[in-house]
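Take a look at the structure below. The paragraphs after it go from whole chains to single residues.

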Amino acid sequence: MRLSYNWLAEMVDLSETTPDDVARKLTFHTAEIDEVEPFGAELAPVVTARVTAVRPHPDADKLRLCTLDTGSGDPTGPEALEGPVEVVCGAPNVAEGQVICYAPEGVTLPGGDDGPIVLEAREIRGVMSRGMICSERELGLSDEHEGIIVLPDDTPIGKPLPDALGIGDTILELANVCITHRPDLWGHVGFARELGALLRKEVRYPEVLDADAAPIEGEPFPITIEDEAGCRRYVGIVIEGLENGRSPLRLRQRLESLGVRSISLLVDLTNLVLLEQGQPLHAFDIRDLKGGEIRVRRAAERERMKTLDDVERVLTPEDLVIADGERPVAIAGVMGGLDSEVREDTTTILLESATFDPIRVRRTATRLNLRTEASSRFEKSLDPELAMQAALRFAALALQHCPGARVTRVISDAYPRPPETIQLDLKYSHVRRRLGLRIPDMRTRRHLSALGFGTRETPTGVRVTVPSWRASGDVACADDLIEEIGRIEGYTLIEPIAPVGPFEPLRPRPARSIERRIGSFLSMDLGYAEVKHRSFYGARIAERIGVADRTHLMVHNPTSEEHDRMILTTAGNLLATVATNRSRVAAGRVWESARIVCPRADAGEGLPNERAVTGLATWNVDDEDAEPGALFLSLVDDVRRLCERLGVSGLKVADADEQPLRPGFPPTVWLHPGRRAVFRIGDDVLAIAGEVLPSVRRAYGLSGRVAVAELDTATLQAHATTTGVRYEPVLRYPVVPFDVAVVVPRRTPAGDVHEVIHDAVPESIRDLHVFDVYEGDGIPEGHRSLAFRCELFDRSATLTPAAADDLRASIIARLKSAGWAVRAG
Amino acid sequence: MLERLQALTDEALGLVQGAGDSAALDAVQTAFLGKKGKVQAVLRTIGSLAPEERGPVGKAANAAKVEIESALGERRQALIDAAEGELAETEWVDATLPPPASTGEGRSGGTIHPITTLVRDMDDIFASMGFEALDGPWVEDDYHNFTALNIPPDHPARDMQDTYWLSDGNCLRTHTSPVQIRAMENNKPPIRAVCLGRVFRHEDLDATHENTFHQVEGFYVDRQVSVGHMLYVLRALLREILEEDVEVRLRPSYFPFVEPGFEMDVTFRGKWMELLGCGMVHPKVLEFGGIDSSQWSGFAFGLGIDRLVMLRHGVEDLRHFMSGDLRFLEQFHGGAEG
C-alpha cells in the first residue's frame with residue numbers, strides 16, 4: 001500500500017520531522033516501509049508565470065506570441081528565469097493576465113502516452129520560442145490537451161509547480177504482509193493514529209457530516225439484510241443535487257500519487273474515502289435501483305450479472321449480492337454492477353458503506369479470481385463502526401465539492417447485531433515478564449490510550465477496553481496488548497537476557513546422525529558427490545524408468561509438467577543428473593538424501609507413505625563390460641562397505657527379482673535382471689542395487705554402463721550401531737594360510753560358499769575372500785570354480801600342524817556335505 | 001498389381017518375424033521400404049496403370065508400408081524385451097563376488113553439498129546450545145501446516161504461503177513451522193528443538209526463485225520466557241552461524257503463529273541485513289500443541305538456509321543447488337568435514 005506523506009501531515013503535525021524519519025518510525029514501531037520516493041519531483045522545473053502580453057504570430061493564424069513574467073525569479077530556480085520571456089503558444093484559451101504553467105527550454109516533461117518531451121529553444125515559423133505553456137497532458141497530469149492549464153489568479157508566480165499546486169509529495173511504500181492482521185491500517189487515518197501515538201501529537205481526524213445538525217425529514221431508503229451472517233452492517237445515504245464532473249486537479253493528483261486512476265468526481269470521492277478511512281464504498285445511481293429498495297442476499301444458483309469490468313459473472317448461493325427489487329446490482333465486497341454505476345449525468349446516488357463477512361468475500365473473490373481493493377480490505381475483517389464513519393465522511397466531501405448537493409432522507413442503517421465491546425485484563429507484571437523490559441506502569445497506560453484503548457486501573461494492572469477499530473479479530477487477548485505496548489515503547493530498547501533453564505543432555509538424535517554418517521562415508525571415503533534434486537518429476541522421467549503406469553502422488557497445482565508428481569524412487573532424477581554430467585565427466589559417482597512418497601494404499605485420509613532414502617548412482621561411459629559387471633559389483637561393494645561402517649551385522653546380499661525397496665513402491669523395473677542385488681537383514685530390506693537396463697539407459701541417451709542403488713534410511717538406522725566396534729583381542733600367535741577351490745553350479749553365489757567355509761570353523765578363521773573365479777577346461781559344463789583364501793589360527797596357542805589339518809578337514813567336509821567338489825586344499 | 005503388393009507384404013512380414021537381431025530388421029527395412037525398396041518400386045509403376053487403377057493401388061501400397069513399418073517396430077521392441085529378459089542369463093553376475101580391483105580407483109573426488117554443510121554446521125551450533133534436532137513429514141496435512149499454527153481456513157495469511165496441494169488433499173509443507181506442533185504433541189515442556197529441513201513453495205523457477213528450498217526453525221518453550229531471552233539466544237546463535245560478532249535488532253512484523261511477531265535484522269559485514277522472522281509463540285499455538293499457555297511461554301524463529309549459503313559462498317543463482325551439475329558441486333570439495 002502507498003501512503004501520502006502530505007496527507008498524513010494534514011492529520012498529524014509533522015513539521016518537526018521528515019519523510020525518512022516517519023518511514024523509520026513506522027518501520028520500527030508499526031509496519032515496514034519498503035520505499036520512500038518523491039512524487040511530482042519531475043515537475044519541479046516547471047514554474048508559474050503570468051501572461052503579460054498576447055500578440056498574433058506574424059506567419060500563422062492559429063499561433064500567438066506570448067510574453068511571460070516569471071516573477072523575480074526563484075533564487076534556487078534555473079538561470080533562464082531572469083526577466084520576461086517570449087514563447088509561441090497554439091492554445092485557443094490563452095489570454096493576457098492568466099497565471100499559467102511555464103516550462104523553460106532544456107526541461108524534460110513527463111508527457112502523455114508518447115513518452116517524455118525534451119524542450120529546446122526553437123524557431124516556430126520564424127519566431128524563436130523559449131519553452132512552452134503547458135497543458136495537462138504535457139505535464140503527465142491527464143490526457144487533456146485542448147487548452148493550457150489556467151491557474152487561479154492569486155497563484156504566486158515564479159514558483160515551482162509542485163509547490164504552487166500543492167501536488168508535490170513523498171510516497172511511503174508499505175509492505176502489505178505486515179498489516180495482514182490490521183484492518184485499521186488499510187487507510188491513512190490508521191497511520192495518522194499510529195504517528196500521533198509515536199510522536200505524541202494530537203490527531204486531527206477528517207471532518208464528517210453532522211447528521212444531527214440539520215433536520216432531515218425524508219423516509220430512509222429501504223434496506224433489508226436477508227443474510228445476516230454475510231452482512232454485519234449496511235449503511236445507505238441518499239445524496240441529491242450532485243454534479244458528476246471531472247475532479248479538481250488536486251484530488252486527481254492525490255489519487256494518482258497513490259496509484260488510483262481518476263474516473264469521475266463521485267467515483268473519485270469513494271476512492272478517496274477508501275484510501276483515507278480504509279472503508280470501501282459504492283455509489284449507485286438511484287435511477288437504476290429498480291423497486292426503490294436494496295436487499296442484501298445470497299445469489300441464486302447460476303444467477304448472472306455483469307460487473308463493472310464488463311465481464312458476465314455466474315454466481316452461486318455462496319456469493320452475497322446487493323440486489324434491488326429485481327436483480328443483483330453488485331457482488332458484495334467485490335465489485336459493483338455495470339448497469340447501476342454512476343454516470344456523467346448522475347445527480348442522485350445511494351451511497352453504500354457496509355461491513356461484509358470476511359470469509360465470504362474472500363471465497364467469492366478467490367472463486368471469481370477477482371481480487372479488488374475492496375475485497376482485500378473486507379477479507380481482513382473490517383470494523384462495523386467504520387461503515388457509518390466513512391459514509392458520513394463521504395457525505396461531507398460530496399457536499400463540499402458540489403454546492404447544490406444535500407442529504408434529504410434519514411440515513412439508512414441496517415445493523416442487526418452490533419458486536420459487544422471487548423474488555424481485557426492485563427497485569428503489569430505480565431507485560432514486563434513477556435517483553436523482558438522494565439516498563440513503568442504509567443507508560444503502559446499511556447501507550448494504550450494513545451492508540452485509543454480505554455484503560456482503567458485494577459489492583460495489579462489495567463482493565464482495557466478495545467476500541468472498535470481494533471476489535472474485529474485483531475486484538476483478542478492480553479498478549480495482543482503486550483505487542484501494542486512493546487512496539488510503541490520500542491523493541492530496540494529490549495536487552496538480551498540469558499535464559500535460566502534446566503540444562504540436560506540432549507537425547508540421541510538418531511535420524512540426523514544416521515544421515516550424517518551415511519553422507520560422510522559416501523562423500524569422504526568412497527568419493528561420491530552429494531547432489532540434491534527436487535522431490536518431483538514429470539511424465540517424461542516416469543516413462544523413462546518404466547513407472548509411468550504406477551499411481552503417483554500427484555501435485556494438484558504443479559508449476560510445470562516436469563514437476564507434477566512426487567518421486568517414487570530416486571532413480572529417475574539421479575539418471576537425469578548422470579545424463580547432465582556424462583558429456584564432461586566420463587565416470588563418476590553421486591548420492592542424494594531424499595524422500596520417496598507413494599499414495600496411501602487405502603486411499604483414506606491421513607498422510608501418505610513417505611520414506612527417507614539414500615540414492616546412489618555411478619556411471620562409466622567407457623565401460624564396455626570387459627570385466628563383466630564391474631560397475632555393478634563396485635556399487636554393491638560400496639553399499640556393503642557403507643553398511644559395515646554403520647555397524648550393521650548379519651547382512652545378506654542376494655540376487656533380486658523385481659521387488660520394490662518397500663511394499664507399496666514400484667517394482668525396480670529399471671534394473672538389469674542379471675545384475676540386481678537385494679541387501680537384507682532377516683526379513684528387512686535395507687537396499688536394492690543394480691545396473692540400469694540398456695533400454696532405460698538409451699531413454700536417457702546414456703552410453704556405457706550405469707548403476708543405481710536405493711537405501712532405506714530408517715531400516716539402516718534400525719540396524720546400525722552407534723556404540724562402536726566390539727574389540728577382539730590382538731592375535732598373539734602366528735596364522736596359517738589356507739587356499740581352497742570349490743566347484744559349484746554356475747549360479748551358486750560365492751556368498752553361500754563363503755558362509756559354509758566360515759561356519760565350519762567360525763572361531764579359527766579370518767580374512768576369508770574369493771581370489772579367483774574360473775570356468776572352462778577341467779570344470780564341468782554349467783559349473784565354475786571359486787578359489788578362496790583365508791588364514792587359520794588358534795587364539796590361545798600356536799596352531800599345530802595337526803590342529804591345522806583338523807581345521808582344513810572340517811572345512812572340506814562341510815563343503816562336500818553341501819554337495820560341492822573341492823579341488824585343492 | 002494388388003496381388004503383387006500382398007505377396008510383397010507377406011514376404012516382408014515373414015522376414016520380420018524371422019529376424020533375430022536389429023541388423024536383420026534394418027535389412028528388411030531397406031529392402032522393402034527404402035528409396036530403392038520393393039514397395040517403392042511398385043509405387044513407381046503407378047503412372048503406367050489405367051487411371052481407375054491408380055487410386056486403389058496407391059492406397060494398397062501405402063497400407064502395405066504402414067503394415068510393414070508397424071511390424072518392424074513391434075519386432076524391434078520384442079527383440080529388446082527378449083534381449084533384456086535374456087540378460088538375466090547372458091549377463092548374470094554373482095553379486096556376492098568382490099569387485100575388480102580397478103573399481104577402487106578415483107575415490108578422492110567426493111563432495112558434500114554446500115547446503116548440507118551449512119545444515120550440519122547449524123545443527124552442531126544448535127546442539128551445543130541444547131536444541132534437539134527434529135523433523136517432520138514433507139507431505140503435511142492442512143492442520144499442521146496451517147490451522148494449528150493459527151492460520152484457519154480462509155484466513156488471509158494463507159496468501160503469504162504459495163502452496164503446492166496434492167491429489168490426496170494434503171500439501172507440501174510450506175515452512176518448517178509444523179514441526180513446532182509435532183514437537184509439542186510428542187514432548188512435554190521445557191522444549192528446546194530445532195528443525196533443519198526441506199520446504200516447498202509454489203514458484204516458477206529463476207535465479208532467485210525456487211520451488212524447493214531449506215529452512216531452519218527454532219522453538220523454545222519454558223516458564224516465563226521473554227523477548228529478552230529470545231534476543232539473547234538468537235544473538236548467540238547468529239554469532240556462531242555468521243562467524244561474526246553480530247548485533248541484532250527487532251522490528252514489528254506479522255506471522256499468525258507468534259504474538260508479538262518480529263523481523264530480526266543483524267549487522268553483517270558492516271551493514272544491517274534482514275535475516276529472520278521470529279516472535280513469542282502465540283498462546284493459541286501452544287494450546288493447539290496441548291500446552292497450557294498460562295503456565296508456559298516460548299519463542300520461535302525461522303530463516304532460509306539457501307540464502308545464507310548463497311551469502312556464504314557468493315553463489316549467484318539458486319538453481320545451481322538442485323542442478324546436480326558437478327562443475328558446481330566439485331567446487332565445494334574440501335569445504336566439509338566428515
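Among contacts in chain B between residues at least 6 apart in sequence, what percentage join residues at least 24 apart? The figure is 65%. Keep in mind that this is a predicted model.

Start with the make-up of chain B. It has 11 helices and nine strands. Its radius of gyration is 33 Å, whereas the globule rule gives 20 Å for 338 residues, so chain B is more spread out than a compact globule. The C-alpha trace spans about 100 × 60 × 40 Å along the principal axes of chain B. Of the 338 residues in this chain, 43% are buried.

Chain A can be read in the same way. It holds 20 helices and 41 strands. Here the globule rule gives 28 Å for 825 residues, and the radius of gyration is 42 Å, well over that value, so chain A too is more spread out than a compact globule. Its C-alpha trace spans about 130 × 80 × 60 Å along the principal axes. Buried residues account for 45% of the 825 in chain A. Among chain A contacts between residues at least 6 apart in sequence, 71% join residues at least 24 apart.

Now bring the chains together. How many residues does each chain give to the contact? Chain B gives 84 residues and chain A gives 102. On the chain B side, several elements supply at least two residues each. Among them are the helices H4 (51–90), H5 (114–128), H8 (227–242) and H11 (326–329) of chain B. Strands take part as well, including S5 (212–222), S6 (248–253) and S7 (258–268) of chain B. H8(B) makes the largest share of this side, with seven residues. By class, the side of chain B that touches chain A has 39 nonpolar, 24 polar and 21 charged residues.

One helix of chain A is worth a closer look. H2(A) covers residues 19–29. Its buried residues are Pro19(A), Val22(A), Ala23(A), Leu26(A) and His29(A). Seen down the helix axis, they fall within an arc of 155 degrees, so they line one face of H2(A). Asp20(A) and Asp21(A) are exposed on the other side. What covers the buried residues of H2(A)? The cover includes helices H1 (5–11), H4 (188–199) and H12 (478–489) of chain A. Strands S2 (33–39) and S13 (169–174) of chain A also belong to it. Chain B contributes here through S6, which is part of the cover too. That same strand supplies at least two residues of the side of chain B that touches chain A.

Inside chain B, two helix pairs show contrasting geometry. Take H2(B), residues 22–33, and H4(B). Their axes are 10 Å apart and the packing angle is about 175 degrees. Angles over 145 degrees count as roughly antiparallel, and H2(B) and H4(B) are therefore roughly antiparallel to each other. From H2(B) come Ser22(B), Leu25(B), Val28(B), Gln29(B), Phe32(B) and Leu33(B). H4(B) answers with residues including Ile68(B), Leu72(B) and Leu79(B), and also Lys65(B), Glu69(B), Arg75(B) and Arg76(B). The contact has seven nonpolar, two polar and four charged residues.

The other pair is H5(B) and H10(B), residues 305–313. Their axes come within 10 Å and cross at roughly 105 degrees. H5(B) and H10(B) are therefore roughly perpendicular to each other. Pro114(B), Ile115(B), Leu118(B) and Val119(B) of H5(B) face partners in H10(B) that include Ile305(B), Leu308(B) and Val309(B). This contact divides into seven nonpolar, one polar and two charged residues.

Finally, turn to the backbone of chain B. Most residues other than glycine have a negative phi, and most peptide bonds are trans. Which bonds here are cis? The one from Pro189(B) to Pro190(B) is, with omega near 0 degrees. Pro190(B) lies in the loop between H7 (178–186) and S4 (191–200) of chain B. The bond from Glu259(B) to Pro260(B) is also cis, with omega near -5 degrees. Pro260(B) sits in strand S7 of chain B.Positive phi values appear in one loop of chain B, between H6 (142–145) and S3 (171–172), which holds Asn150(B). Phi of Asn150(B) is near 65 degrees. Asp154(B) is found in the loop between H6 and S3 of chain B as well, and its phi is near 70 degrees. Is Asn150(B) buried or exposed? Asn150(B) is buried, with 20 other C-beta atoms within 10 Å. Asp154(B) has 15 C-beta neighbours inside 10 Å and counts as partly exposed.

Technical notes: Residues are numbered from 1 along each chain as its sequence is written. Chains are lettered from A and ligands numbered from 1 in the order in which they are written. This is a predicted model: local features need pLDDT of at least 70, side-chain atom pairs count only at pLDDT 80 or more; totals for chains, interfaces and linings use all residues. Helices (H or I, at least four residues) and strands (E, at least two) are DSSP runs, numbered from the N terminus. The radius of gyration is taken over C-alpha atoms; the globule rule is 2.2 Å times the number of residues to the power 0.38. A residue is buried if 20 or more other C-beta atoms lie within 10 Å of its own, exposed if 12 or fewer, and partly exposed in between; C-beta atoms are placed from the backbone. Two residues are in contact if their C-beta atoms, placed from the backbone, lie within 7 Å. Ala, Val, Leu, Ile, Met, Phe, Trp, Tyr, Cys and Pro count as nonpolar, Asp, Glu, Lys and Arg as charged, and the others, Gly among them, as polar. The arc is that of the directions from the helix axis to the C-beta atoms. Axes are lines fitted to C-alpha atoms, for helices over the stretch in contact, and angles run from 0 to 180 degrees between N-to-C directions. Angles under 35 degrees count as roughly parallel, over 145 as roughly antiparallel, 65 to 115 as roughly perpendicular and the rest as oblique.
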